[in-house]
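This report describes a single protein chain, going from individual residues to the overall fold. The structure is shown first.

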Amino acid sequence: MHNQPMSESAPLRNAIAPAACPLRTARHPLLRALWLLGGWLSLVLGFIGIFLPLLPTTPFVLLAAFCFSRGSARWEHWLVNHPRLGPMVRDWRATRAVPLRAKQLATLMMTASSVWAFFAIPSMWRVMPALCCACVAIWLWRLPTRR
């Protein structure tokens with residue numbers, strides 16, 4: 001066992017320190033709990049979106065980071081430094097822009113999912129996925145594009 005301080009260990013060497021993360025946590029315990037709940041719900045929906053194309057992953061991960069920033073500096077730090085999810089959060093915070101390829105892929109997947117849902121849902125609700133995806137696509141394409 002070595003006696004190096006934890007901050008100098010290899011896995012944390014490139015991590016963003018908690019102080020570098022925006023600290024805007026709510027002071028009231030109930031508000032903090034609600035922000036944490038929103039963060040975890042968003043993160044779960046983002047995880048489901050990996051497997052279900054109708055749910056876009058990135059917006060839910062960004063929403064989770066926003067909620068965690070208000071609910072818990074520790075969970076925000078965890079998400080920002082996560083090996084798979086952290087880069088998209090850090091990139092969003094640095095540039096507030098979405099890569100063109102991500103916009104194209106998200107639009108293609110939402111379109112395919114909406115067409116599939118239209119034929120799979122046997123009622124008047126069949127247009128709801130398309131309406132929701134259209135709203136997300138409009139929001140997505142209005143964001144600045146990072147090349």
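R93 is partly exposed in this predicted model, with a relative accessible area of 26%. Its side chain meets that of E76 in a salt bridge, with a separation of 2.8 Å from N to O. E76 sits in helix α3 (residues 73-80) and R93 in helix α4 (residues 86-95), so the salt bridge ties together parts that are 17 residues apart in sequence. The acidic partner, E76, counts as buried, at 1% relative accessibility.

**Salt bridges**

How many salt bridges does the structure hold? There are 2. Besides the pair of E76 and R93, the side chains of D91 and R146 meet at 2.9 Å, N to O. This pair links distant parts of the chain, since D91 belongs to helix α4 and R146 to strand β2 (residues 145-146), 55 residues apart. D91 is partly exposed, with a relative accessible area of 23%. R146 likewise counts as partly exposed, at 31% relative accessibility. As background, side chains of opposite charge can pair when their charged atoms come close.

The table sets out the relative accessibility of the residues in these pairs, followed by three others discussed below.

| Residue | Relative accessibility | Class |
|---|---|---|
| E76 | 1% | buried |
| R93 | 26% | partly exposed |
| D91 | 23% | partly exposed |
| R146 | 31% | partly exposed |
| S42 | 6% | buried |
| L79 | 0% | buried |
| R96 | 46% | partly exposed |

**The contact between α3 and α4**

Two packed helices are described by the angle between their axes and the distance between the axes. The axes of α3 and α4 come within 7 Å and cross at roughly 100 degrees. An angle of 65 to 115 degrees counts as roughly perpendicular, and α3 and α4 are therefore roughly perpendicular to each other. On the α3 side the residues that meet α4 are E76, L79 and V80, and their counterparts in α4 are G86, V89, R90 and R93. E76 and R93 thus appear in this contact and also form a salt bridge.

**The nonpolar core**

Which residues have the most contacts inside the largest nonpolar core? They are L43, V61, L79 and V89, in a core of 14 residues. Helices α2 (57-71), α3 and α4 each supply at least two residues of this core. The largest share comes from α2, with 5 residues. In soluble globular proteins, nonpolar side chains tend to be buried together.

L79 lies in helix α3 and is buried, at 0% relative accessibility. Leaving aside neighbours within four places in sequence, L79 is in contact with L43, V61, A64, A65, F68, L85, G86 and V89. The C-alpha atoms of L79 and V61 are separated by 8.7 Å, although these residues are 18 residues apart along the chain. V89, counted in the same way without residues up to four places away, touches V61, L62, A65, L79 and V80. L79 and V89 are therefore in contact with each other, given that contact means heavy atoms within 4.5 Å.

**Helix α1**

Helix α1 (residues 29-51) has 23 residues. From its first C-alpha to its last, α1 reaches 34 Å, close to the 33 Å expected at 1.5 Å a residue. Which residues of α1 are buried? They are G39, S42, L43, G46 and G49. These buried residues pack against α2 and α3. S42, in helix α1, is buried at 6% relative accessibility. Not counting residues up to four places away in sequence, S42 touches F60, L63 and A64.

**A loop residue with positive phi**

R96 is found in the loop between α4 and β1 (98-99). Its phi is positive, at about 55 degrees, although R96 is not a glycine. R96 is partly exposed, with a relative accessible area of 46%.

**The chain as a whole**

The chain contains 6 helices and 2 strands. Read along the sequence, these follow the pattern α-α-α-α-β-α-α-β. The chain has 147 residues, of which 28% count as buried. Among contacts between residues at least 6 apart in sequence, 66% join residues at least 24 apart. The salt bridge of D91 and R146, whose residues are 55 apart, links distant parts of the chain.

Terms used:
Residues are numbered from 1 along each chain as its sequence is written. This is a predicted model: local features need pLDDT of at least 70, side-chain atom pairs count only at pLDDT 80 or more; totals for chains, interfaces and linings use all residues. Side-chain values use heavy atoms; hydrogens and water are left out. A salt bridge is a side-chain nitrogen of Lys or Arg within 4 Å of a carboxyl oxygen of Asp or Glu. Helices (H or I, at least four residues) and strands (E, at least two) are DSSP runs, numbered from the N terminus. Buried means under 20% relative accessible area, exposed over 50%, partly exposed in between (1.4 Å probe, protein chains only). A nonpolar core is a set of buried Ala, Val, Leu, Ile, Met, Phe, Trp, Tyr and Cys residues joined through side-chain atoms within 4.5 Å. The expected span of a helix is 1.5 Å times one less than its number of residues. Axes are lines fitted to C-alpha atoms, for helices over the stretch in contact, and angles run from 0 to 180 degrees between N-to-C directions. Angles under 35 degrees count as roughly parallel, over 145 as roughly antiparallel, 65 to 115 as roughly perpendicular and the rest as oblique.
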